Amino acid sequence: GLISGVVDALSSALGIAIDIADYREHAIGAGSKARAAAYVECAIDGRAPCFGVGIDEDVATASVKAVLSALDEI
C-alpha cells in the first residue's frame, strides 16, 4: 500500500532500514469537515522506537505526514 511504498522509497533514499511496527488512524470531527489523524511507531536501524503523528483532510496525506514526523525524531 501507500505506507509501504513511502517507507521503501525513504529507506532506499536514506540508506536506513525503516519498519512500521504499528499504524493507527481515526477521524477528528464528523461529516464533510472531518480530518484524519494517523499515528505510526517505527523501528529504524534497530534503534529505540520512534513515533510520528500526521493530521490532514486526506487520510493518505496524514499517513505520509506521520511517517515523516517519526523520521524527524532520528
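**A buried serine, a shared core and two hairpins**

At 15% relative accessibility, S11 counts as buried, where buried means under 20% relative accessible area, exposed means over 50% and partly exposed lies in between (1.4 Å probe, protein chains only). The model is a predicted one, in which local features need pLDDT of at least 70 and side-chain atom pairs count only at pLDDT 80 or more, while totals for chains, interfaces and linings use all residues. Residues are numbered from 1 along each chain as its sequence is written, and side-chain values use heavy atoms, with hydrogens and water left out.

S11 has its place in helix α1. Helices (H or I, at least four residues) and strands (E, at least two) are DSSP runs, numbered from the N terminus. Once residues up to four places away in sequence are set aside, S11 touches I16, A17 and I18; contact here means heavy atoms within 4.5 Å. S11 has company in α1, since the buried residues of this helix are I3, V6, V7, L10 and S11. They cover an arc of only 130° around the axis, so they sit on the same side of α1; the arc is that of the directions from the helix axis to the C-beta atoms. This buried set packs against β1 (18-28) and α2. On the other side of the helix, D8, S12 and A13 are exposed.

The length of α1 can be checked as well. The expected span of a helix is 1.5 Å times one less than its number of residues. For the 13 residues of α1 this gives 18 Å, and the end C-alpha atoms are 18 Å apart, which agrees. After the helix comes G15, with a positive phi near 70°.

Which elements meet in the nonpolar interior? The largest nonpolar core has 17 residues, and those with the most contacts inside it are L10, I18, V40, C42, I44, V67 and L71. A nonpolar core is a set of buried Ala, Val, Leu, Ile, Met, Phe, Trp, Tyr and Cys residues joined through side-chain atoms within 4.5 Å. Two or more residues of this core come from each of α1 (2-14), β2 (35-44) and α2 (59-71). V67 offers a good view of the interior: leaving aside neighbours within four places in sequence, V67 is in contact with I3, V6, V7, L10, I20 and V40.

A second serine invites a look at α2. S63 has its place in this helix and counts as buried, at 3% relative accessibility. With its neighbours within four places in sequence left out, S63 is in contact with I3, Y23, E25 and A38.

The strands come next. β1 and β2 pair in the antiparallel sense over 10 bridges, two strands being paired if DSSP finds at least two bridges between them. Along this pairing, D19 stands opposite A43 in β2, and H26 has A37 in β2 as its bridge partner. The hairpin of β1 and β2 has 6 residues between the strands, and there G29 takes a positive phi near 90°.

β2 is also joined to β3, by 7 bridges, and the two run antiparallel. A36 is matched with D56 in β3, while the partner of C42 in β3 is C50. In a regular strand the side chains alternate between the two faces of the sheet. β3 shows this alternation: C50, G52, G54 and D56 point to one face and are buried, while F51, V53 and I55 point to the other and are not.

The loop between β2 and β3 (50-56) holds D45. The hairpin has 5 residues between its strands. Most residues other than glycine have a negative phi. D45 has a positive phi of about 50° although it is not a glycine. With a relative accessible area of 39%, D45 is partly exposed.

What becomes of the bridge partners C42 and C50? The structure holds 0 disulfides, a disulfide being a pair of cysteine sulfur atoms within 2.5 Å. C42 is in none, and the nearest cysteine sulfur, that of C50, is 4.8 Å away. Seen from C50, the closest cysteine sulfur is that of C42, and at 4.8 Å it is too far for a bond. Both residues are nevertheless shielded: C42 counts as buried at 1% relative accessibility, and C50 counts as buried at 3%.
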